[in-house]
Amino acid sequence: MTMVANLSDKMLVPQPAVVVGRTQESPSIFTLKLRLEDGAAQAAFRHSLGQFNMLYLPGVGEVPISIMSDPEDQQAIGHTIRAVGRVTNRLAELQIGDRIGLRGPFGRGWPIENMKGRDVVVITGGLGCAPVVAVIHYILRRRADYGHLTIIQGVKKAEDLIWRDQYAQWNTHPDTHVMVAADEGGPLWPWHIGRVTDLFGRIPMQPDKAMAVMCGPEGMMVVSAKMLAEHGMPEENMFLSMERNMHCAVGHCGHCQFGGAFVCKDGPVFSWPQVKGLIAHRGF
Amino acid sequence: MNLPLGTLRFLGFHKLHELFGELQFRGYRCMGPAIEYDAIVFRELASAKELPRGVQAEQSPGQFRLTRDPRNRYFAWANGPQAIKPFAFAPRESLWQVQRDQEGALKFEPLAPQPAKTAIIGVRACDLAGLALQDAHFLKPPYPDPNYEIRRKSLFLVAVQCAEPAATCFCASTGDGPTPQSGFDLTLAEMENGFVISAGSEAGTEVLAALKLEEATPKQVQEAKEQGEAAAQKQSRSLPGRDLRPVLMNNLEHARWDNVAARCLSCGNCTAVCPTCFCHAEMDEPSTGTGESLHVRQWDSCFNEGHACIHGHNVRPDTRTRYRQWLTHKLASWHDQYGRSGCVGCGRCITWCPAGIDLTEEIAALGVNA
């Protein structure tokens, strides 16, 4: 029987990966560096910024996790993970030398090549968002290739901002502005107190050419897209990473559907015009 | 010796057992209609003698009742709850197995299904259309699904024209029936004393040639054609168009969604009987002590509470958003995904809904702006 499908497709069946590095970023956030055990598979692994892998713990389950490492780093695959659920809580227990399963990379990433030479506005909300942090790291490593970099983050309370040191460190890079707003400040809060939307007027950008990358609560992204448009950014220059339930990552299981899109393969990164019609309706 | 596709022959009732015999000779187990729990399901049949004869299914919203067919035909029932979907997309199956050795190393092994060659006798036009949509979903590049493909390729489909559509049927309005057009190996149109039979595939022509049947007479052919047209005429339900994207997507906050949500039990029966619904959950089945785990998938439903859950947040926390997801996917976003509606007009979701919700009625109500 001739088959079009391949039973051993590495996108369908995990490959063994070993934990080669582990960093505790905050009480609930940790970064794993993974290497595929098969050296040839590791050498052949290529991802684009904004794609994700399915990480698998035998007997526990699989979860989609954004790839954090630089696409040019072929030594290891980095994932920053928040321990929030059944599988991620168990992933948090992993130590160097432990083995897990890995499938990927999946989905469409950020249009990072199109961002070259342009001002970039990174908008993130809630508890910080790995897909955009990967963009920040990517640009900071190639600082001269990009224009102004503005990082905007809103939190409810000052203590909700995790990775405070990292925001301060990003702010020291040339042509890089970190703008954080907390509705409620706190002791030694160095950033803005008030609404995150207050900050949009202060973004150093050439709005018709600048590009935005967003990740976080959808309500925040809806408001941000509207504000950016008001400040002159064309809608097709705005991109966001969507989050939906994912089981298979290959567009079969149906959980991640957003209208006609399968977020796992048509996303997770979308341009704003692709999603704006549906994102405003709760329930898609 | 092969026959050209489209050759029309006549299979008398007295020769029906020869069709079973020929398929069995070629290594197929024959699945056909059987009565179980007062409904019609597909079960393995040893011979044509086991086919239920003179059985009809009276269907209406939330109702399915077997009745007697006065003409005593074999295929006077329109359809039962079970489409042929489970034969290609298994309700539950293992995808891979992983073994952890004493040093902690992992060994993954894909698990291929090993289905028996299966001939399904009595496949309806709606089921064929449903299968074509499942093919489009599961076999689409870049990640065609091997488990689906293996099961799919084990099938030999003997279709049958619907002469007695149920009151819940509306395949004529979706363009999928009641006469099978493609996707079958053999197709039958039941007459007073036999079937007009023709082949739709190479495998089908081989079986047809081996049966050594008489040619169908022009009168029989004409009668079969008219029977199909009459069956289409008999259908009382319909959808108001093939592409209902405007009706649905321009009415996402219509009051009717609240109305239907008050009746819908969010039970998922509609998705379980739907021949095109493809959602499934993947999960792990840990072993007890042997170090092995199985990764399995099983049918899931967008009406289940966990379907749209991401950590700490349920994208669809209520019945209104779940019913809207189901209907907008089926009749609107399916066009964006696969170039046509995901509804084949079988009417099963109407019959098997315990609350008797009728999607054709919901669509009509949504078309009226509140």
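This report walks through a predicted model of chains A and B, from overall confidence down to single residues.

## Confidence

Let's start with how much the predictor trusts its own work. The complex gets an ipTM of 0.95 and a pTM of 0.95. Chain B has a mean pLDDT of 95, with 99% of its residues at 70 or more.

## Where the chains meet

On the A–B interface, 42 residues of chain B are in contact with 39 residues of chain A. Quite a mix of elements on the chain B side each put in at least two residues: strands E6 (92-100), E7 (106-110), E13 (280-286) and E15 (309-310), plus helices H4 (146-152) and H11 (319-338). H11(B) has the largest share of that side, at seven residues.

As for chemistry, the side of chain B that touches chain A splits into 22 nonpolar, 11 polar and nine charged residues.

## Two domains in chain A

Chain A is assigned domain 1 (15-106) and domain 2 (120-279). Their C-alpha centres sit 23 Å apart, and the contact draws on 16 residues from domain 1 of chain A and 18 residues from domain 2 of chain A.

Looking at the domain 1 side of that contact, strands E3 (52-57), E4 (61-66), E5 (77-82) and E6 (99-106) of chain A each supply at least two residues. The residues on this side of domain 1 of chain A come out as eight nonpolar, four polar and four charged.

## A closer look at Ile151(A)

Ile151(A) belongs to strand E8 of chain A, which covers residues 149-157. Ile151(A) counts as buried because it has 23 C-beta neighbours inside 10 Å, and the cut-off for that label is 20 or more.

Who's around it? Setting aside neighbours within four places in sequence, Ile151(A) is in contact with Val122(A), Ile136(A), Trp170(A), Val178(A) and Met179(A). Cys248(A), on the other hand, is 97 residues away from Ile151(A) in sequence, and their C-alpha atoms are 32 Å apart in space.

## Two domains in chain B

The domain assignment of chain B uses split segments: domain 1 takes 9-90 + 112-234, and domain 2 takes 245-281 + 300-366. Going by C-alpha atoms, the centres of these two domains of chain B are 27 Å apart. Across the boundary, 27 residues of domain 1 of chain B are in contact with 22 residues of domain 2 of chain B.

On the domain 1 side, strand E5 (63-68), helix H3 (125-138) and helix H5 (171-174) of chain B are the elements giving two or more residues. H3(B) gives the most, with eight residues. By residue type, this side of domain 1 of chain B has 13 nonpolar, 11 polar and three charged residues.

## Strand E2 of chain B and its partners

Strand E2 of chain B (residues 29-36) pairs with two strands worth a look, E8(B) and E3(B). With E8(B) (residues 118-123), E2(B) runs parallel, and three bridges join them. One spot to click on is Met31(B), whose bridge partner in E8(B) is Ile120(B).

With E3(B) (residues 39-44), E2(B) runs antiparallel, and six bridges join the pair. Here Glu36(B) stands opposite Ala39(B) in E3(B). E2(B) and E3(B) make a hairpin with two residues between the strands, and Tyr37(B) in that turn has a positive phi of about 50°.

How values were computed. Residues are numbered from 1 along each chain as its sequence is written. Chains are lettered from A and ligands numbered from 1 in the order in which they are written. This is a predicted model: local features need pLDDT of at least 70, side-chain atom pairs count only at pLDDT 80 or more; totals for chains, interfaces and linings use all residues. Two residues are in contact if their C-beta atoms, placed from the backbone, lie within 7 Å. Helices (H or I, at least four residues) and strands (E, at least two) are DSSP runs, numbered from the N terminus. Ala, Val, Leu, Ile, Met, Phe, Trp, Tyr, Cys and Pro count as nonpolar, Asp, Glu, Lys and Arg as charged, and the others, Gly among them, as polar. Domain bounds come from an automatic or database domain assignment. pLDDT is the predictor's confidence in each residue, from 0 to 100. A residue is buried if 20 or more other C-beta atoms lie within 10 Å of its own, exposed if 12 or fewer, and partly exposed in between; C-beta atoms are placed from the backbone. Two strands pair if DSSP finds at least two bridges between them.
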